[in-house]
Amino acid sequence: MTTPGGPTVETRSPLIAPDPTDPAYRLVTFTHRGGDCDGVLALLHTVTDKDRHAGDLTPHLMERQINGTWSITYRLRADHRASYQLYPFRGEAPGTTRPDWLRVLDHARPDPDDREPRLPARDGRHPSSVLSLPAAPAQPYVRRREGVPRGRTLARTAAGRRVDVHLPAGHRADGGPYPVAVLLDGEMWGEALSVGDTLDNLTADGAIPPTVALLVHTMGPQRPDDLSCNPAFVDLLADRFLPWAATEFGASTDPSGTVVAGQSAGGLTAAYAAYRRPERFGNALCQSGSFWWPDETEFDAGSEWLTRRFAAEERRPARFWIEVGLQEWMLLAQNRHLRDVLTARGYDLAYREFNGGHDYACWRGGLADGLAHLLGSPGGMVSG
């Protein structure tokens, strides 16, 4: 996976060079210039995690060079995108147990010489640097643009839960009905990633119509229960949140103009919402969905419960956008299985695989693309 080397230190990092053996790949060298450590661990999102799960982080330990810098080179396909951090350490290299890994994540830092704007973090952790190789999918909607009409985001409580509401520029409560996007893990999308900028860019470009976005907070202690095909949680969204948004903000009650979006367990829940309540959720945007659920060692239901339900039961009137990373070794096969089942059952499905991992650096671009497909294409609220 890695190739040791001693590159000349440049002012920007990482150093990206052609692979002389294959033009579809690049040699990507990360460096660390601080000498006040005994080693440096490179955390390339999901790539490093895979070896940590296997119990061996040595492929990601940088080598010390003659000039005192540290470096490591990865051979990556030219369309790879990943967030990354560096972890200088004293003494022995970090272990691979969960407590060891959490300490690494708590203290890892972005590359001080990185090339791109950083990916914000939550819970007191440091932001990440972002690597986007030349053939990685474009992300034209992610960053705030000058001259774009700005919407506004309101902090609200509905049904006893925190939800941030992003309203499009020029919104009027009596100006609807507006399409509505329910974003799970809303505290990450709103407070950390400023998804309002993405929504404003999409609207300004005409990629989606003006849309009310409900950023539902689900990252607290209740998350494992909420985001595990929980009928009570989906019914809460359908019967309390959506009517509230219709009354307060003019949100549409038409399922064709309603998207529920989530990542990981949230991706599973988005698909489950379309399965359980298709008369309210006509569109599901699922990124890196945990479709392996439940763990068959903990439940008698067997793994891939939701996929088996889609295979066995009548087709729902719902559309899907599903994407998963090629580096997601624990999810890729299950996402492909759901793709095959939905295709066989005749669902309206857009499916893609990106060369990346379980990573907001990838998901933020995919979220924009998925919203544009579901709300801005035939079958959505506006024609494409």
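These are legends for five close-up views of a predicted model.

**View 1. A cluster of aromatic rings, built from Tyr, Trp and Phe side chains.** Here we're looking at Tyr272, Tyr275, Trp293, Trp305, Phe310, Phe320 and Tyr347, which ring pairs link into a cluster. Over the structure as a whole, there are 14 aromatic pairs. Keep Phe310 in mind, since this residue turns up again in the next view, on the α8 side of a helix contact.

**View 2. Helix α8 packing on helix α9.** On show are α8, residues 305-312, and α9, residues 332-344. Their axes lie 9 Å apart and make an angle of about 15 degrees, which means that α8 runs roughly parallel to α9. The crossing of the two is left-handed. From α8, the contact takes in Thr307, Phe310 and Ala311, while α9 brings His337, Leu338, Val341 and Leu342. Sort the residues of this contact by type and you get five nonpolar, two polar and no charged.

**View 3. Tyr351 and its surroundings.** Tyr351 belongs to strand β16, residues 348-354. Leaving aside residues up to four places away in sequence, Tyr351 touches Ile322, Val324, Asn335, Arg336 and Arg339. Arg339 deserves a second look: its charged end sits over the ring of Tyr351, 4.9 Å from the ring centre. Also in frame is Cys286, 65 residues from Tyr351 along the chain, with 9.6 Å separating the C-alpha atoms of the two.

**View 4. Arg75 over the ring of Tyr25.** Here's another arginine paired up with a tyrosine ring: the charged end of Arg75 sits over Tyr25, at 3.9 Å from the centre of the ring.

**View 5. Helix α4 packing on helix α10.** This one pairs α4, residues 195-204, with α10, residues 360-376. The axes are 11 Å apart and the packing angle is about 40 degrees, so α4 and α10 are oblique to each other. As for handedness, α4 passes α10 in a right-handed crossing. Val195, Thr198, Leu199 and Leu202 are the α4 residues in the contact, and they meet Leu367, Ala368, Leu371 and Ala372 of α10. By type, the contact of α4 with α10 comes out as seven nonpolar residues, one polar and no charged.

Note on methods:
Residues numbered from 1 in each chain as written. Predicted model: local features only at pLDDT ≥ 70, side-chain atom pairs only at ≥ 80, totals over all residues. Heavy atoms only, no water. Phe/Tyr/Trp six-rings, centres within 6.5 Å; stacked < 30°, edge-to-face > 60°. Lys NZ or Arg CZ within 6 Å of the ring centre and 35° of its normal. Axes fitted to C-alpha atoms, helices over the stretch in contact; angles between N-to-C directions. Helix = DSSP H or I, 4+ residues; strand = E, 2+ residues; numbered from the N terminus. Parallel < 35°, antiparallel > 145°, perpendicular 65-115°, else oblique. Left-handed = near helix turned anticlockwise from the far one by under 90°. Contact = heavy atoms within 4.5 Å. Nonpolar A, V, L, I, M, F, W, Y, C, P; charged D, E, K, R; others polar.
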